[in-house]
Amino acid sequence: MKITLLNVQGDKSTCIYKDWAGGFGTSFKVGNSLFSKMLEFAKRSSVNLPLMDYGYLAAIFNNNGFKVEYLTNKIPKDSDIVIIHSSTVDYKTELKYAKKIKNETKSKVGIIGPFSSVFPEFYKEYSDFIIKGEPEYIAKKISESYIPKGIVKSKPIKDLNSLLFPDWDSFPVKDYHYFSLEKRRILPMLGSRGCLYTCNYCPYLVQFKFRARSVNNIINEMLYLIKRYKIKGIMFRDPLFTWSVKHTEELAKKIISEKIDIVWGCETRLDHLNKPLLRLLSKSNLKTIEVGIESSNSEIIKKSKRKPIEHKHQREIVNYCKKIGINVSAFYIFGLPNDNRKSILETIKYAMNLDSNVASFNISTPYPGTEFYESVKSKIYSKNWEDFNSHTPVFNHKNLTKKDLLSLKEKAYIKYYFRPRYAIRFLKLFMTK
């Protein structure tokens, strides 16, 4: 049997990342000014990573003797099953390709991903089956001659150590890169799935319950990726990589003792970091950390069920990272339910004072399946799911208009990245790409 993992990409002038936002996807848009377009151009060339789901599915199918191919924006003519990852940000293109495959080939079309898990009926007309939940369990059954039909529920993988390592043989590994790791041949990894926290807007909570892999299992995959694909770096895609200080220390020590010579990065919370841990992580070649700040107003954060982090600790950790050579990317959200113009301007000022290497200013997005979505469902005015992208207002905010949010977001990006002291750092970063 032949399986095609189809990478569907719409407008290439838009920065679309389907593995972000828990698999719902994001698209990057700053604004309409010349400076905004410069930032969008820089962003477009800064990240290229494959979908994690596809790597795991390729491993399962290849291990059971299936032929697996990876295509981008092509109609496979001789495939038995074509799998398409759903997203909010590119659903129109996904439906277009699913329809063409159904009309022009004999292939069965399968849809995966959190968006189709929440709204499977959305893809039903142009698919043979839709997998709700993590896809590996059903993929294993397919590899044992089961052909799904309609909407099928997949069981979560209880023991992540039992998963085969992702198979990237069919993928253009040499082209994958991540800007803050400053090298080509970068691949993603997962040390865990889900998150221990309960932020009501978090899309990672829709599909995944928290589970973590053992240190040895993570190390073995790192060694496997280096040997098989000659990679130069790894970007861990967990939303809370340093969930346990003890676990993270053990991993860093193992990287050092095994002399694993690659750079790597991760995403976490600042209150799960301390100076001794950071020193150890730096020795293990950690080069970049991504963290959610969200807002400078702790009350606004609390009302979204996010645990706030003291400003003093945030400044201390970000400054220490800079001191020891670890880049920090900080994420902010404008338009949380209790936000207003004043609170957003205070957050912009705080972001500039914190002065992380990279700052991302997003607009509050109620991803379907989240508690946040349910709370504002009656206020949503956008009928276009592509607007659910972390950069476009989609619901009527009690304190802010759509114009307010877009203007404040553009203001934040321009003020942040076109400061004289940052401009040199910014240009150096992208001139080396």
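## Strand β1 and its setting

In strand β5, V68 is the bridge partner of I3. The model is predicted. I3 belongs to strand β1, which spans residues 2–7.

**The strand and its neighbours.** β1 pairs with two strands, as the table shows.

| Partner of β1 | Residues | Bridges | Direction | Bridge pair |
|---|---|---|---|---|
| β5 | 67–72 | six | parallel | I3 with V68 |
| β6 | 81–85 | four | parallel | L6 opposite I84 |

How do the side chains of β1 divide? K2, T4 and L6 point one way, while I3, L5 and N7 point the other way. All of them are buried. Buried here means under 20% relative accessible area. With six of its six residues buried, β1 is therefore largely enclosed by the rest of the structure.

**The whole protein.** The secondary structure comprises 15 helices and 19 strands. The radius of gyration is 21 Å, close to the 22 Å that the globule rule gives for 433 residues, so the protein is as compact as a globular protein of that length. Along the principal axes, the C-alpha atoms fill a box of roughly 55 × 55 × 40 Å.

Of the 433 residues, 59% count as buried. Among contacts with a separation of 6 or more, 74% come from residues 24 or more positions apart.

**Surface and charge.** The accessible surface is about 18,600 Å². Carbon and sulfur atoms hold 51% of that surface. The protein has 73 positive and 43 negative charges. How far apart are their mean positions? The two mean positions lie 3 Å apart.

Key. Residues numbered from 1 in each chain as written. Predicted model: local features only at pLDDT ≥ 70, side-chain atom pairs only at ≥ 80, totals over all residues. Heavy atoms only, no water. Buried < 20%, exposed > 50% of the residue type's maximum accessible area, 1.4 Å probe, protein only. Pairing = 2+ DSSP bridges. Rg over C-alpha atoms; globule rule 2.2 N^0.38 Å. Contact = heavy atoms within 4.5 Å. Areas by Shrake-Rupley, 256 points an atom, 1.4 Å probe, with all protein chains shown as cover. Lys, Arg positive; Asp, Glu negative; His and termini not counted. Charge placed at Lys NZ, Arg CZ, Asp CG, Glu CD.
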